[in-house]
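Me: I'd like a hand reading this model, one feature at a time. Could you give me the general idea first, and then the case in front of us?

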Amino acid sequence: MATKIYIVYYSTWGHVATLAEEIKKGADSVADVEVTIWRVPETLPEEVLGKMHAAPTREDHPIITARQLAEADGVLFGFPTRFGMMAAQMKAFFDTTGGLWQSGALAGKPAGVFFATGTQGGGQETTALTAVTQLTHHGMLFVPVGYTHGAGMFAMDEVKGGSPYGAGTFAGADGSRVPSVAELALAAHQGKYFAGIAKKLKTV
């Protein structure tokens, strides 16, 4: 039976959605793995999203419910940062998972994170660190990417997002920057690496 990987994200300007697609490509390269991209519900009204110049909703990525998380063998959560923590839309989704917490439905499942920040000091590490609290209360197994992507993670020749915690990108203060080649490469690697770990854990 295939290992089910769910990529669950929230994206305002499309940066996190782009990373999600690259992560899926990496995970899809692992045999006997089935990958689905989901988005969490939006909490802001259309009028506000319009004023923020938010990206169009990715209708090809269905909205997930908390109950559906339990179907996955492993979950990667992606979100933009708001003052060093996950965006409220993703936190609101986690707040609906109380039933799963009470039943222990997610305990023992591997989980990882990926993220986008507006600036270099915007929370590439704190966003991931503060997200781990959500995983911990569910008893999920945090799977960081570490430095498994190799030499590229040590390169200092360009500004790039991502960290040992997971793939990342910089959106720019106005959301105009797009993920770089290096950032997309780390995202694809994270997907492949995470899928391999989840596949191994399923056989235990």
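**Reading the model**

Me: Let's start with a single residue: what relative accessible area does D28 have?
Reply: The general idea is a three-way split: buried is under 20% relative accessible area, exposed is over 50%, and partly exposed is in between (1.4 Å probe, protein chains only). D28 has a relative accessible area of 37%, which means that D28 is partly exposed. Keep in mind that this is a predicted model, where local features need pLDDT of at least 70 and side-chain atom pairs count only at pLDDT 80 or more, while totals for chains, interfaces and linings use all residues. Residues are numbered from 1 along each chain as its sequence is written, and side-chain values use heavy atoms, leaving out hydrogens and water.

Me: Which residue does D28 form a salt bridge with?
Reply: By salt bridge I mean a side-chain nitrogen of Lys or Arg within 4 Å of a carboxyl oxygen of Asp or Glu. The partner of D28 is K24, with 2.8 Å between the closest N and O atoms. The two are 4 residues apart in helix α1, so about one helical turn separates them. K24 is partly exposed too, because its relative accessibility is 24%.

Me: You just said "helix α1". How are elements assigned, and how many helices and strands does the chain have?
Reply: Helices (H or I, at least four residues) and strands (E, at least two) are DSSP runs, numbered from the N terminus. Here you get 7 helices and 7 strands. Reading from the N terminus, the order is β-α-β-α-α-β-β-α-α-β-α-β-β-α. The chain is as compact as a globular protein of 204 residues, because its radius of gyration of 16 Å is close to the 17 Å from the globule rule. That radius is taken over C-alpha atoms, and the rule is 2.2 Å times the number of residues to the power 0.38. Along its principal axes, the C-alpha trace spans about 45 × 40 × 30 Å.

Me: Back to α1, then. What length does that helix reach, and which of its residues are buried?
Reply: For the expected span of a helix, take 1.5 Å times one less than its number of residues. Helix α1 covers residues 15-28, 14 in total, and reaches 20 Å from first C-alpha to last, close to the 20 Å expected. Its buried residues are H15, V16, A17, L19, A20, E22, I23, G26 and A27.

Me: And what covers those buried residues of α1?
Reply: Contact means heavy atoms within 4.5 Å. The cover includes strands β1 (3-9), β2 (33-39), β3 (74-82), β5 (110-117) and β7 (168-170), plus helix α7. For the chain as a whole, take the contacts between residues at least 6 apart in sequence: 77% of them join residues at least 24 apart. On the burial side, 47% of the 204 residues count as buried.

Me: Back to charges: how many salt bridges does the structure hold?
Reply: There are 10. One of them pairs E59 with R39, with 3.2 Å between the closest N and O atoms. This pair links distant parts of the chain, 20 residues apart: E59 sits in the loop between α2 (46-51) and α3 (66-69), R39 in strand β2. The ends contrast: E59 is exposed because its relative accessible area is 61%, whereas R39 is buried because its relative accessibility is 13%.
Another bridge joins the side chains of E47 and K51, at 3.6 Å from N to O. They are 4 residues apart in helix α2, so here too about one helical turn lies between them. Elsewhere, salt bridges that share partners tie E21, R58 and D60 into one network.

Me: Which non-glycine residues should I check for a positive phi?
Reply: D32 is one, at about 60°, in the loop between α1 and β2. H53 also has a positive phi of about 60°, in the loop between α2 and α3. D32 is exposed because its relative accessible area is 55%, and H53 is exposed because its relative accessibility is 65%.

Me: Last one, the surface. Which residues make a nonpolar patch?
Reply: Patches take residues with over 30% relative accessible area and no salt bridge, joining like charges within 9 Å and nonpolar side chains (Val, Leu, Ile, Met, Phe, Trp, Tyr) within 5 Å. L141, L201 and V204 make a nonpolar one of about 290 Å². V204 is found in the segment after α7 (181-202), and V204 counts as exposed because its relative accessibility is 84%. Accessible areas come from the Shrake-Rupley method with a 1.4 Å probe, and for residues only the protein chains shown count as cover. The accessible surface of the chain is about 9600 Å², 60% of it from carbon and sulfur atoms.
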